[in-house]
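Work through the exercises below with the model open beside you. Each task is followed by a stepwise solution.

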Amino acid sequence: MTIHLPRAGGGTFAYSPRTEPLTVSGAAPLVSRTVFSAAHVVADPYADVSPDDPAAVDWDATLAFRRHLWSHGLGVAEAMDTAQRGMGLDWAGAAELIRRSAAEAKAVGGRIACGVGTDQLKAGAAAPTLAEVTAAYEEQLALVEGTGAQAILMASRALAAVARGPEDYLAVYGTLLRQASEPVVLHWLGPMFDPALEGYWGSGDLDAATETFLEVISAHADKVDGIKVSLLDADREIALRRRLPNGVRCYTGDDFNYPELIAGDDHGFSHALLGIFDPLGPLAAEAVRVLDTGDTKGFRELLDPTVELSRHLFQTPTRFYKTGVVFLAWLAGHQSHFSMVGGLQSARSLPHLARAYQLADQLGLFPDPVLAQSRMTSLLNVHGVAQ
């Protein structure tokens with residue numbers, strides 16, 4: 001059985017999908033690493049909304065996907081950029097997502113951490129003051145902590161726009177960390193994920209920005225569980241994690257180099273909080289269970305082959321990786337459609353999606369390869385690619 005996939009330069013080629021999915025051993029708890037999957041949201045395909053309207057979410061399918069991740073031993077990082085936070089999902093939608101997911105986590109015993117930002121400050125309005133940015137953060141922090149979830153202090157577009165230098169970041173984060181009831185995760189998201197975050201921590205020079213970031217952490221180490229670094233620079237992450245105070249973890253957000261960063265070296269390792277672990281969930285959990293036995297080689301043998309898919313999904317413009325993530329969730333049978341909030345299913349080309357299908361199929365990511373092939377064929381037919 002073959003399927004004819006489009007080439008980026010034109011024409012098609014015949015591809016023979018695999019017939020059996022990857023077999024994983026089970027759902028034993030992960031021990032040696034703390035691993036979060038940043039999970040996507042499922043749109044309501046029946047909602048009559050435009051891209052500018054508030055997101056219409058299929059709550060049943062969205063929560064079912066989180067139960068899927070928990071069932072494999074992964075934690076869920078909720079209301080992050082993978083959930084289209086700031087790209088279709090506004091603060092009202094994110095707040096509802098946090099409340100529902102935190103309640104579901106309690107019901108099933110799943111680990112959850114939720115994004116705290118400032119996206120209730122409307123883009124295009126008058127520039128906020130530092131006090132208004134701080135108050136917006138405080139509102140979201142109170143909501144997340146009120147649900148019992150761990151807080152992830154996300155990078156703020158509003159803060160990036162209004163901050164005059166490192167001292168403003170030190171002031172805002174210092175205020176938030178002093179009042180946090182439990183240790184939080186600090187999130188440094190690079191401009192490749194969100195161009196509005198250029199110059200975060202008060203400088204476009206990453207070395208200078210790193211010093212400010214470390215100053216915040218060192219001043220409040222008792223309130224920092226860990227840092228989540230999304231700069232797609234393995235050497236920079238390794239250098240940063242070696243300078244962290246004792247007890248502060250590094251959660252890699254590097255979707256290009258995660259196997260080597262999680263495996264670590266003689267000086268330490270990274271935990272994980274990754275968008276790519278949305279489609280890779282069962283395989284990623286299986287790899288960490290192998291690592292739990294001390295078998296680093298076996299861990300790399302499982303996870304290294306996934307990097308090609310991740311680099312493909314996260315290719316520039318990197319912020320549109322969410323389209324590939326949702327596409328693979330549809331092919332895998334986790335949702336009944338390929339629609340996204342804000343109409344973002346149009347953000348990647350047909351050849352890009354076809355390559356994502358091929359790479360994911362070769363990894364055995366589809367629980368039902370026949371279903372995945374059928375859905376891929378239907379998409380190709382709609383686009384006029386004869387089968």
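**Exercise 1. Trace the sheet.** Which strands form the closed barrel, and in what order do they run?

*Solution.*
- Step 1. In this predicted model, eight strands make a closed barrel in the order 3-4-5-6-7-8-9-10.
- Step 2. The pairing is parallel.
- Step 3. Ignoring direction, neighbouring strands of this sheet are turned by 25 degrees against each other on average.
- Step 4. Now place helix 1. Helix 1 packs on the sheet and touches strand 3 (35-38), strand 4 (75-78) and strand 5 (112-116).
- Step 5. The direction of helix 1 makes about 140 degrees with that of strand 4.

**Exercise 2. Zoom in on one strand pair.** Over how many bridges do strand 7 and strand 8 pair?

*Solution.*
- Step 1. Strand 8 covers residues 224-230.
- Step 2. Strand 7 and strand 8 pair in the parallel sense over six bridges.
- Step 3. For the register, take Leu-186: Ile-227 in strand 8 stands opposite.

**Exercise 3. Characterise the largest pocket.** How many residues line the largest pocket, and which lie nearest its centre?

*Solution.*
- Step 1. The space in the largest pocket is about 820 Å³.
- Step 2. Its lining has 34 residues; Gly-86, Thr-118, Asp-119, Leu-121 and Arg-157 lie nearest the centre.
- Step 3. Helix 4 (157-162) and strand 7 (184-189) are the elements that give two or more residues to this lining.
- Step 4. Helix 4 has the largest share, with three residues.
- Step 5. By class, the lining of the largest pocket holds 18 nonpolar, seven polar and nine charged residues.

**Exercise 4. Repeat for the second largest pocket.** Which element supplies the largest share of the lining of the second largest pocket?

*Solution.*
- Step 1. About 260 Å³ of space lies in the second largest pocket.
- Step 2. Of its 19 lining residues, Pro-279, Pro-282, Leu-365, Phe-366 and Pro-367 lie nearest the centre.
- Step 3. At least two lining residues each come from helix 1 (59-71), helix 9 (281-292) and helix 12 (321-331).
- Step 4. The largest share, three residues, belongs to helix 12.
- Step 5. The lining of this second largest pocket divides into 15 nonpolar, three polar and one charged.

**Exercise 5. Look for enclosed space.** How many cavities of 30 Å³ or more does a search of the whole structure find?

*Solution.*
- Step 1. The search finds one.
- Step 2. The volume of the largest cavity is about 50 Å³.
- Step 3. Among the residues lining the largest cavity are Ala-38, Asp-81, Lys-228, Asp-255 and Tyr-321.
- Step 4. The cavity lining splits into four nonpolar, three polar and three charged residues.

Key. Residues are numbered from 1 along each chain as its sequence is written. This is a predicted model: local features need pLDDT of at least 70, side-chain atom pairs count only at pLDDT 80 or more; totals for chains, interfaces and linings use all residues. Side-chain values use heavy atoms; hydrogens and water are left out. On a 1 Å grid over the protein atoms alone, a cavity is a set of points where a 1.4 Å probe fits but cannot get out, and a pocket is an open set with protein on both sides within 12 Å along at least five of seven lines; lining residues have an atom within 4 Å of a point. Grid points are joined across faces, edges and corners, and a volume is the space filled by probe spheres set on the points. Helices (H or I, at least four residues) and strands (E, at least two) are DSSP runs, numbered from the N terminus. Ala, Val, Leu, Ile, Met, Phe, Trp, Tyr, Cys and Pro count as nonpolar, Asp, Glu, Lys and Arg as charged, and the others, Gly among them, as polar. Two strands pair if DSSP finds at least two bridges between them. Axes are lines fitted to C-alpha atoms, for helices over the stretch in contact, and angles run from 0 to 180 degrees between N-to-C directions. Contact means heavy atoms within 4.5 Å.
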